[in-house]
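Reader: I'm new to this one and would like to learn how to read it. Could you walk me through it feature by feature?

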Amino acid sequence: MHRVGSTGNTANSTRPRKERRITYVLRDSNDSKHCSGINSITGPNGLKGDNGGEHLFSASRDGTLKRWELGGNEAVCGATFESHVDWVNDVVVTGDDTLVSCSSDTTLKTWKPFSDGECTRTFRQHSDYVTSLAAARHSNIVASGGLGREVFIWDLEAAMVPVAKAHNDANEDGTYEGDRAITSNNLVTAAPAQNLSQGYAPLPAKGHKESVYALAMNDTGSILVSGGTEKAVRVWDPRTGSKQMKLKGHTDNVRALLLDPTGRLCLSGSSDSMIRLWDLGQQRCIHSYAVHTDSVWAFASTPSFSHVYSGGRDSSVYLTDLSTRESILLCKEEHPVLRLALQGDQWLWAATTDSSLHKWPARERATSKTLQRASSFVAGSLPFARARANIDGSAPVPLYSQPTSVIPGTAGIVQHAILNDRRHVLTKDTAGIVKRWEITRGAVIEDYGKVNFEEKEKALFEKVSVPAWFTMDTRLGSMSVHLDTPQCFSAEMYAVDLHVPGASDELKLNIGQETLRGLLAHWLTHRLVKPVAPSTPKGDVSPGLSSGVGELGSNRRTTLDDSQHEPNSQQTRVLPSFEFSTQSPPSIITEGSQGGPWRKKATELNGTEDEKELPSWCIDCVLHGRISQRENAKCSFYLHPYEGQTITVLTQGKLSAPRILRILKVKNYVLEKLLLERPLEENGSDANAPAGQQAGGNANGKGNNVFRPGSKSWPQGTKPVVEILCNDQVLPPDMSLATVRAYVWKKPEDLYLHYRTVPSL
């Protein structure tokens with residue numbers, strides 16, 4: 001199992017986080033296809049829908065499950081099951097009407113299989129990724145195993161019976177007086193085994209010393225087998241959780257297991273490339289099959305258990321006769337095979353690390369006399385036999401070159417680069433297609449086709465510095481954008497740059513706040529509360545443009561600002577640059593004060609979610625207009641005349657301004673100060689008047705801190721041309737202070753800017 005940090009799963013994280021994060025998942029297609037590898041599929045198992053047709057259920061690395069309506073050579077997505085926040089690693093059908101899934105988010109979930117995707121329960125007992133499930137065909141017994149060296153045996157019927165009573169006994173806040181909690185998102189946290197009286201607890205199969213990768217159970221639920229990194233097969237009685245035996249023979253991790261219906265025979269597949277057949281009665285390996293050239297990851301068998309279909313890392317699917325040892329290479333996939341499932345006795349479905357599902361003929365229709373000998377061989381009992389056959393050039397030829405039908409997926413994102421403006425992201429998918437996304441509204445704004453990713457990234461480079469207000473990953477095959485407070489409120493933009501109609505040149509918008517408004521717009525429109533006037537967050541800049549001339553001393557700190565945060569009068573208003581699609585809405589992953597992480601489409605939020613489900617800081621931001629205090633929102637700098645200039649020194653103090661302040665504003669500031677220092681005309685005040693009076697102050701020399709624009713103006717043709725320089729480089733007027741500091745100044749010390757006047761053309 002590839003260990004990667006889990007999206008939304010912080011249960012075992014060592015990174016401290018004061019506030020819960022919110023994540024939104026973006027896709028460039030509708031929700032009827034998987035966009036990442038398919039870890040598991042389960043066949044119809046006799047389960048019929050309302051229309052009496054057959055169905056296939058798939059579990060994907062994109063974090064979702066899907067139900068496929070099978071008909072002829074076509075399959076239609078009947079429903080998407082969305083609640084897990086990380087890879088879904090396995091899925092089984094148990095009983096008459098229950099679908100069970102497990103995930104790297106450490107949970108098990110139960111679903112109504114023929115609903116529109118309704119999750120009925122969430123169970124949290126595992127301490128690490130849950131990798132495998134096993135179910136008895138005609139009962140509600142399910143076993144789960146994972147990387148935490150744990151195997152639990154669940155009686156789903158017993159687990160769900162106490163739920164109604166627990167809700168009646170629950171406190172007003174939704175918690176239960178004991179070790180078992182039931183929250184508003186149907187979370188069931190099982191009590192430890194020693195606290196059985198407090199609620200349902202699964203039965204642990206104790207004794208695993210290492211991670212568990214594979215489980216299997218017979219039809220009656222009397223035998224359970226497990227395998228993993230111990231390189232051994234353990235046998236359990238699932239009714240008591242007691243150990244029966246430990247079978248050794250593999251030389252590497254056990255990755256696949258299969259029991260015959262009676263529970264007498266067991267097949268195991270390993271990373272050592274071998275398939276072993278065990279007789280549990282004799283407690284020994286009775287046959288070894290050298291069929292594959294790499295790890296064996298998947299099994300499926302005929303009802304009689306006379307033949308086995310196997311697949312694995314070598315991307316090959318073989319059909320092996322367990323008695324005669326004859327193997328046939330049925331097909332060769334383009335990607336490693338993760339799971340196999342039979343549809344009747346005629347068709348075989350294969351799931352791979354690709355997002356598509358392939359349907360192959362399950363067995364050759366011809367007689368043994370017409371068997372293509374090039375596709376078959378007799379499996380040896382030692383792994384080097386297959387390796388030597390490949391070296392000798394006698395590798396088998398696939399019996400079938402093309403699948404009978406395909407359930408197509410979409411290409412998953414495998415590479416990304418956040419562009420410097422922090423609003424656009426460049427991505428590359430498994431098909432090699434490069435696209436540019438606008439992250440603040442979850443839309444693709446340009447499709448470049450198959451181009452060199454690194455060259456396109458260089459071509460889109462801009463000299464602009466914007467704080468990192470979000471992080472992201474593509475672990476699910478799509479873009480997961482993570483927002484943490486207060487970092488997500490660290491970036492601002494001028495409204496005019498976002499083409500906001502009627503916006504003033506000075507209006508600044510917080511990118512994180514506006515993105516959250518767009519993301520939770522559906523939730524907000526359904527929220528019935530009194531309007532609350534937004535308050536200015538602590539640390540926001542004050543209005544006006546001041547230089548602090550009223551304070552003396554070289555250490556004085558003055559403020560240069562050009563705007564005031566203007567709150568929206570309508571809290572439900574979403575600007576066009578932050579409007580997310582309602583046809584392909586983003587999925588939200590987050591958690592509140594109770595329960596664990598959950599995932600849901602943004603358009604499925606109904607406004608009833610509160611602090612129990614959503615982070616309180618998100619609600620404060622969207623509902624009340626309050627945002628957390630931000631750090632480094634300002635940039636400190638000194639402004640001095642350029643060497644050789646004879647114009648009046650404006651200030652000896654340190655100036656402070658928003659990071660996004662443009663050089664044009666600094667130029668205007670210099671012009672205004674030059675105007676104040678300019679000798680007045682005869683019809684104005686005395687040119688020899690004290691400087692304090694010239695600057696709008698009083699005769700005592702104590703001037704006002706706030707400059708009032710418009711008090712004077714330059715006579716026609718006398719307005720000088722001002723240039724702002726840094727490191728002797730003339731700065732363009734549209735460059736921000738943050739960009740100057742990052743790309744021109746390039747020092748950790750306070751920024752130094754110089755101004756000079758040049759002859760006008």
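Author: Sure. Let's start with a term: helices and strands here are DSSP runs, numbered from the N terminus. Keep in mind that this is a predicted model.

Reader: How many helices and strands does the protein chain have?

Author: There are 10 helices and 47 strands in the protein chain.

Reader: And what share of the 761 residues counts as buried?

Author: Buried means under 20% relative accessible area. By that cut-off, 54% of the chain's 761 residues are buried. You can also look at contacts: taking those between residues at least 6 apart in sequence, 56% join residues at least 24 apart.

Reader: Let's try a sheet. In what order do the strands from β19 to β22 lie?

Author: With sheets, two strands pair if DSSP finds at least two bridges between them. Here the order is β19-β20-β21-β22, an open sheet of four strands with antiparallel pairing. The edges are β19 (254-259) and β22 (284-289); each has a single partner strand, so one side of each has no neighbour in the sheet. On average, neighbouring strands of this sheet are turned by 25° against each other, direction ignored.

Reader: How many bridges join β20 and β21?

Author: Five bridges, in the antiparallel sense, between β20 (residues 265-270) and β21 (residues 275-279). To find your place in that pairing, look for Leu267, which stands opposite Leu277 in β21.

Reader: Now a single strand residue. Where does Gly312 lie, and is Gly312 buried or exposed?

Author: Gly312 is in strand β24 (residues 307-312). Gly312 counts as buried because its relative accessibility is 0%. Leaving out residues up to four places away in sequence, Gly312 touches His292, Ser295, Val296, Trp297, Pro336 and Val337. Take Ser295 from that list: Gly312 and Ser295 are 17 residues apart in sequence, yet their C-alpha atoms are 5.6 Å apart in space.

Reader: On to salt bridges. How many does a search of the whole structure find?

Author: The idea is a side-chain nitrogen of Lys or Arg within 4 Å of a carboxyl oxygen of Asp or Glu. The whole structure has 24 salt bridges. In one of them, Lys435 pairs with Asp28, with 2.4 Å between the closest N and O atoms. Lys435 is in strand β34 (residues 434-438) and Asp28 is in the loop between β1 (22-26) and β2 (38-42), so this pair ties together parts 407 residues apart in sequence.

Reader: Why does Lys435 count as buried, and what about Asp28?

Author: Lys435 has 16% relative accessibility, so it counts as buried. Asp28, with a relative accessible area of 39%, is partly exposed.

Reader: Which residue does Arg137 meet in a salt bridge?

Author: Arg137 meets Asp219, at 3.4 Å from N to O. This pair links distant parts of the chain, 82 residues apart: Arg137 is in the loop between β10 (130-135) and β11 (141-146), and Asp219 in the loop between β15 (212-217) and β16 (224-228). Arg137 is partly exposed, at 37% relative accessible area, and Asp219 is partly exposed too, at 27%. Salt bridges can also join up: Arg27, Asp31, Glu82, Arg599 and Lys601 are linked in a network of them.

Reader: What about the inside? Which members of the largest nonpolar core touch the most other members?

Author: In soluble globular proteins, nonpolar side chains tend to be buried together. The largest nonpolar core here has 46 residues, and Tyr24, Ile439, Leu483, Leu516 and Trp523 touch the most other members. At least two residues each come from β1, β37 (479-483), α5, α6 (521-525) and α7 (616-624). The most come from α7, which gives six. To see one member's surroundings, pick Leu483: beyond residues up to four places away in sequence, its contacts include Tyr24, Leu516 and Trp617. A second, separate core has 26 residues, among them Leu655, Leu671, Val744 and Leu753.

Reader: How many residues of helix α5 are buried?

Author: Nine of its nine, so to speak the full run of residues 511-519. Among the buried ones are Ile511, Arg517 and Leu519. At the start of α5, a side-chain oxygen of Asn510 comes to within 3.1 Å of the backbone nitrogen of Gly512.

Methods: Residues numbered from 1 in each chain as written. Predicted model: local features only at pLDDT ≥ 70, side-chain atom pairs only at ≥ 80, totals over all residues. Heavy atoms only, no water. Buried < 20%, exposed > 50% of the residue type's maximum accessible area, 1.4 Å probe, protein only. Polar contact = N/O pair within 3.5 Å; in protein donor to acceptor, adjacent residues only side chain to side chain. Axes fitted to C-alpha atoms, helices over the stretch in contact; angles between N-to-C directions. Core = buried A, V, L, I, M, F, W, Y, C linked by side-chain atoms within 4.5 Å. Contact = heavy atoms within 4.5 Å.
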